[in-house]
Amino acid sequence: MKHFTKKILLFTGCLIFSISVLAQEKEITGRVTDENNLPLPGVNVVVKGTTNGTQTDFDGEYSLTSEEGGTLVFSFIGMEETEILIQESNEYDVVMQESSSDLEEVVVIGYGTQQKGDVTGAVSSANLEAFEESPNTNIAQTLQGTVPGLNVGQVNSAGGTPSISIRGQASINGSQDVLIILDGIQYNGSLSSINPNDVESIDILKDASSTAVYGAQAANGVILITTKRGNRSQGPSITIASSYTTQNPSENLRPAGREEFLENMYRQSYDQLFLAPEYTTPNPDFPGFFAENNGLNIIPIYESPDNPGEFRNEDYDWYEEGTQNGFIQENQVNVSGGSDRASYLLSLGLTEQQGFIKNDNFSRKDIRVNVNIDATDWWEVGVQTFGSFVNQDGAEPSLYDLFIMPPILTPYDENGELIRTPTGTVRLNPFLSSNIDNYERHDYLFANIFSEIDVPFLKGLSYRINFGNNYRIDKNYQASVYAAGGTGEAYKNIGFYRDYTLDNILKYNRKFGKHNIEATALYGAIERKGEGTNANASNFDRLSLGYNDLGTGGIPQISSNAYTESLNYQMFRLNYKFDNRYILTGTIRRDGFSAFAENEKTAYFPSGALGWIISNESFLEQSNYINNLKLRVSYGISGNQTGRYSSLARLLTRPAYVFGDGASPAFGQELTSLANPNLRWERTKGLNVGLDFGLFSSRLTGSVDVYKNTTDDLLYSVRVPYLTGFNSIQTNVGSIENRGVEVSLTGDIVRTEDFTWRATANFSRNRNEIITLNGEDADGDGVEDDLIQSGLFIGKPINTIYNYDTNGIYQIGEENILEGYMPGQYRVVDQNGDGEIQQADDRVFIGSDDPNFRASLLNTFTYKNLSLNVFLNSIQGGNGYYIGQNDNAIYRDANSLRNNIVSGIDYWSPTNPDGLNALAPNSPGIAGTRYEDRSFVRLQDISLRYSFNQNLIEKLSISDLSIFVSGKNLMTWTEWKGWDPETGQGLIAGGRPVLKGYSLGFNLSF
């Protein structure tokens, strides 16, 4: 009985305790809206000081369990953070207030961050969210056309990295590379190694004032990439994303089939096949294509073995054999979370891409771990690290060769073996280059370990140390039984790269009444090391073990290389703001670089900027229309480092003499270049004036920037007297100038409870001009000479086109045809009227490769659970040609007659006098080129996402589920007839198509 009583008392106590606990915990619900009573989906709702949290659904509603007395914290991008105390009520609706024109948004500015409203330089943030569903294997593709002043090219090969430039071309012979900063550390690896899914934000430093913090490496602009991290006070969140994308050429260009190939032969030979003057009546005396001494030199292999005098009957599709349907398969897993003192993120990614040309493959496996820990209230430590392992095995056949190989020939003999030279000439079978053993791997390892201390005894003072490391292994092995004239060749090339960055950053940030002061001091060092070994062998009796048995090759060759370079730098930056109206920024950086010349080991790069927040002045405080207006003016100097050995006298070691038959060669050394101990880095001085604005309660926001950049001390080889034993010496001469304007506008066009429409338009224009070159005046006219052979002209753009102009096509019966030309060929303009086309007298300035301007428009629509992004990108102006004298084999010689052409091109012929494209001359060496406008408008990205409603998500016990479809490069409106107007590539020689694709994928979180 006694034990039973104890059990009753224990049970009663537990019941009372449970009831008390249940009484303390209760379900909290509510709805979050903006100032216009529109629901806000995706708002983070967290119980302060805990990991208990959730997000609002599409209707802005949330639900969680918490105790009375706790505090709910509501946070959302672009909104002021809101806190609500939990009292007796179970329902809490919240109206969130917009931050002042997003001025509290934080942007990365180099060695720190700033609120957007305090930035005085030209700094832009990329919109990554709108392109999350786009099939981009390279993070740079996400930036294409999205930021004014940032020019990102197209990608037309698997795993390729596009060209990137900021505000035009700042150098002629110096580096054109944009500086990449990854999580605060310089990154010298390929952008293809970075998983786009891991990137949180990208900020672009465009003017010399903002880039000056990176000194001698920043003249071409800076891109700051920040990766994702876990959220504090949030339980583990697992996100799985997967997508599949088709990829095929955006233009349906194919080589001609048999009949069109033969028609091209007849067209090119019209003056022999038909009688003058109309060239429509067959020539009865034409001896046939295979007759001797007919002037056409058609090789016998084209002749049918069964029907002498006739062409072979084959109609082989070389293009079809060498291409395939491309695809991209992406799979991502992300685990993140944290406590009130730590956060973590672990991500895994697998990307497989198959290009449209066979053996154009790319595979990336990557892993990332980012951890931040508050060791104490004043000390934070962390690590940002990733590994990326890229496989690009395989060698593709030449697309050029696939197009020009004649369809009446085949690549295989009767035994199914590849024919080395199907045409019987030096032209090799394109499949010889792809039917090989190729091994290409690139392993990237990156880590940034940091520690940051908020000094306890001095408010506002902090110290941070970054120790970053990059390590890369590049392997390229290959073996081919067809190489080295059919004797076989194999090689192993392996390279190692490693660097470290050590930054010591001291900051002081305090507010004294109306005065805000932020000072940053930096002392840092970088060391880079690289080495490589190349082993090659040819003339094999057997190549069964490929590149793993180079010793059996009859002719071995071995080379190796290594280098070390180091940088030491200091920087001080001061930001001062008075009364939230006037802002001053000043920066000075000193660089020391081991590759600088002996007498120029250090460089200084100052900058200054002013900001005036006009909207905070008393005369605008009551404005109903202007809620943000800020004027920015900045001036600064940044640099472009010289090459590693540019200032040094270089030696070449090579076999010099063989003493007797069978003896080994004696090696000697010779000086190949003159040293220049005074060689300096290129300097870019930049002036930028900008205006940021927000109107109509920030329904319309934007910025306008106008700039002028002048680059002096250009690196260039200047001729020296030959008696020195050399032709030239590398020195600093010349100057170029870039001017431009950039405009960005974002508008909230429609915002209702169920439907929103937001649009962003960008516009940029850049013009460069050569101010001076090498200062030579060889003709003594008192005016500095142009460098015509290099295509450089004072007062003209760097990429100006200086060539022969054309005025239509010579027609049959036309009089005054210049000597050496005939009907069907371009009418090259005789500029001086002397009756001859001469290189020195008849070339003119036709235009420029550079566009007149770039523009883009992003529209984002949402309707209930649907969201639609439509992105149009456009480049207007710029000249180029897609059929030159060597393209499409329209040069009347033996090669042109046996090479194939692109199908469907409108060529001139006696029966088609209005044809756009001419035959090239068969006599003179000067052929005309018809330049075309490369303007286009492209539907570059479009994506449609559906987010499942909260009821289904709760039933499935997950936190989020969405599916999407998207398209890439689906439509291009242009008059350009080549592969693509943006790349400017011709129809055959060196050209590749831009790829379009359709994607299907899903995102799942729980």
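In this predicted model, Thr33 has Val95 in β7 as its bridge partner. That bridge belongs to the pairing of β1 with β7, which runs in the parallel sense over 2 bridges. On to the other neighbour: β1, residues 25–33, also pairs with β4, this time in the antiparallel sense and over 7 bridges. Two positions help to trace this second pairing by eye. Glu27 has Thr65 in β4 as its bridge partner, and Gly30 stands opposite Tyr62 in β4. Put together, the 3 strands make an open sheet with the order β4-β1-β7 and mixed pairing. The edges are taken by β4 (61–67) and β7 (94–95), each of which pairs on one side only.

Tyr62 is worth a second look, this time for its ring. The structure holds 35 aromatic pairs, and one of them brings Tyr62 together with Phe74. Their ring centres are 5.6 Å apart and their planes sit at 75 degrees; planes over 60 degrees apart count as edge-to-face, so that is what this pair is called. Tyr62 lies in strand β4 while Phe74 lies in strand β5 (residues 71–75), so the contact ties together parts that are 12 residues apart in sequence. Are these two residues buried or exposed? Anything under 20% relative accessible area counts as buried. Tyr62 comes in at 4%, so it is buried, and Phe74, at 0%, counts as buried too.

Another edge-to-face pair is made by Phe286 and Phe289, with 5.4 Å from centre to centre and 75 degrees between the planes. Both of these residues are buried. They also belong to one aromatic cluster, made up of Tyr266, Phe286, Phe289, Phe290 and Phe311.

Rings can have charged company as well, as two examples in this model show. Arg464 lies over the face of Phe450, at 4.0 Å from the ring centre. Likewise, Lys796 lies over the face of Phe845, at 4.5 Å from the ring centre.

Next come the salt bridges. Side chains of opposite charge can pair when their charged atoms come close. A search of the whole structure turns up 45 salt bridges. Asp183 and Arg368 form one of them, with their closest N and O atoms 3.7 Å apart. Asp183 sits in the loop between β13 (179–182) and β14 (185–186), and Arg368 in strand β22 (residues 361–374), so this pair ties together parts that are 185 residues apart in sequence. At 8% relative accessibility, Asp183 counts as buried, and so does Arg368, at 1%.

Glu565 and Arg644 form a further salt bridge, the closest N and O atoms being 2.9 Å apart. This one also links distant parts of the chain: Glu565 is in strand β28 (residues 553–578), and Arg644 is in the loop between β31 (626–640) and β32 (651–658), 79 residues apart. Here the partners fall into separate classes: Glu565, at 8% relative accessibility, counts as buried, whereas Arg644, at 31%, counts as partly exposed.

In a third case, Arg581 forms a salt bridge with Asp579, and the closest N and O atoms are 2.7 Å apart. Arg581 is buried, with a relative accessible area of 18%, while Asp579 counts as partly exposed at 24%. Elsewhere, salt bridges that share partners join Asp34, Asp748, Arg751 and Arg758 into one network.

What about a charged residue that is buried yet has no salt bridge? Asp842 fits that description, and the nearest side chain of opposite charge, that of Arg843, is 9.0 Å away. Asp842 is found in the loop between β42 (826–828) and β43 (843–848). Its side chain does reach backbone atoms, though: the nitrogen of Gln831 at 2.9 Å and the nitrogen of Asn832 at 3.5 Å.

Pro456 gives a contrasting picture. It is placed in the loop between β24 (437–454) and β25 (461–480). With a relative accessible area of 56%, Pro456 is exposed. Measuring sticks at the ready: Pro456 and Asn548 are 92 residues apart in sequence and 61 Å apart in space, C-alpha to C-alpha.

Terms used:
Residues numbered from 1 in each chain as written. Predicted model: local features only at pLDDT ≥ 70, side-chain atom pairs only at ≥ 80, totals over all residues. Heavy atoms only, no water. Pairing = 2+ DSSP bridges. Helix = DSSP H or I, 4+ residues; strand = E, 2+ residues; numbered from the N terminus. Phe/Tyr/Trp six-rings, centres within 6.5 Å; stacked < 30°, edge-to-face > 60°. Buried < 20%, exposed > 50% of the residue type's maximum accessible area, 1.4 Å probe, protein only. Lys NZ or Arg CZ within 6 Å of the ring centre and 35° of its normal. Lys, Arg positive; Asp, Glu negative; His and termini not counted. Salt bridge = Lys/Arg side-chain N within 4 Å of Asp/Glu carboxyl O. Polar contact = N/O pair within 3.5 Å; in protein donor to acceptor, adjacent residues only side chain to side chain.
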